[in-house]
Amino acid sequence: MELLYAITTGVLTASGLYLTLRGRTFPVVVGLTLLSYAVNLFLFSMGGLTTDGAALVNQGDNFADPLPQALVLTAIVIGFAMTAFVVILAMRARSEVGNDHVDGKKDDRE
């Protein structure tokens, strides 16, 4: 299970980095979202990947660490808010500049 988890995190990171380096705004937004998912998986794995862990600390010997779970929950909320902000910012830039290039160059037709 750890190997599958590590491969999934690596694929999300590589895909997110590839899309972030694109020249259009929509792939950049999707790439940043994939990178945030990869970071969430990485933070969640820091608590230990247990399949039979107790949900509460006093219920058993093997329990899951609650700190990475709290960090991931907070990161999900912040990531959602930042994604919404970046989408609105990209839409505004598209309407003002007339294209969706990341560098903000205007068309040569003007």
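Arg-24 sits at 39% relative accessibility in this predicted model, so it counts as partly exposed. Its side chain meets that of Asp-100 in a salt bridge, 2.6 Å from N to O. That pair ties together distant parts of the chain, since Arg-24 is in the loop between helix H1 (2-20) and helix H2 (25-45), while Asp-100 is in the segment after H3, 76 residues away. Here's the rest of the picture, topic by topic.

**Overall layout**

- The protein chain has 3 helices and 0 strands, and read from the N terminus its elements go α-α-α.
- Of the 110 residues in the protein chain, 19% are buried.
- The chain exposes about 8,100 Å², with carbon and sulfur atoms supplying 68% of that area.
- If you take the contacts between residues at least 6 apart in sequence, 49% of them join residues at least 24 apart.

**Salt bridges**

- Side chains of opposite charge can pair when their charged atoms come close.
- Searching the whole structure turns up 2 salt bridges.
- One of them is the Arg-24 to Asp-100 pair from the lead.
- Glu-96 and Arg-92 also form a salt bridge, and their closest N and O atoms are 2.7 Å apart.
- Glu-96 and Arg-92 are 4 residues apart in helix H3, so about one helical turn separates them.
- Both Glu-96 and Arg-92 are exposed.

**Helix H1 and its two sides**

- H1 has 19 residues, which at 1.5 Å a residue should span 27 Å; the end C-alpha atoms are 27 Å apart, so the expected span and the model agree.
- Which residues of H1 are buried? They are Tyr-5, Thr-9, Leu-12 and Gly-16.
- Those buried residues cover an arc of only 65° around the axis, so they sit on the same side of H1.
- H2 is among the things that cover the buried residues of H1.
- Turn to the face of H1 that points away from the buried side, and you find the exposed residues Leu-3, Leu-4 and Tyr-18.

**Asn-40, a buried residue in H2**

- Asn-40 belongs to helix H2.
- Is Asn-40 buried or exposed? At 10% relative accessibility, it counts as buried, because the cut-off for that label is under 20%.
- Leaving out residues up to four places away in sequence, Asn-40 touches Val-72, Ala-75 and Ile-76.
- Helix H3 covers residues 66-97, so those three contacts of Asn-40 fall inside its numbering, given that helices are unbroken DSSP runs.

**Helix H3 and its nonpolar patch**

- Ile-78, Met-82, Phe-85 and Leu-89 make up a nonpolar patch on the surface, and together they have about 410 Å² of accessible area.
- Leu-89, one of the patch residues, lies in helix H3 (residues 66-97).
- With a relative accessible area of 47%, Leu-89 is partly exposed; the exposed label needs over 50%.
- Met-91 is in helix H3 as well, and its 53% relative accessibility makes it count as exposed.
- How far apart in space are Met-91 and Thr-25? The distance is 9.0 Å, C-alpha to C-alpha, for two residues that are 66 residues apart in sequence.

Technical notes. Residues are numbered from 1 along each chain as its sequence is written. This is a predicted model: local features need pLDDT of at least 70, side-chain atom pairs count only at pLDDT 80 or more; totals for chains, interfaces and linings use all residues. Side-chain values use heavy atoms; hydrogens and water are left out. Patches are made of residues with over 30% relative accessible area and no salt bridge: like charges are joined within 9 Å, nonpolar side chains (Val, Leu, Ile, Met, Phe, Trp, Tyr) within 5 Å. Accessible areas come from the Shrake-Rupley method with a 1.4 Å probe; for residues, only the protein chains shown count as cover. A salt bridge is a side-chain nitrogen of Lys or Arg within 4 Å of a carboxyl oxygen of Asp or Glu. Buried means under 20% relative accessible area, exposed over 50%, partly exposed in between (1.4 Å probe, protein chains only). The expected span of a helix is 1.5 Å times one less than its number of residues. The arc is that of the directions from the helix axis to the C-beta atoms. Contact means heavy atoms within 4.5 Å.
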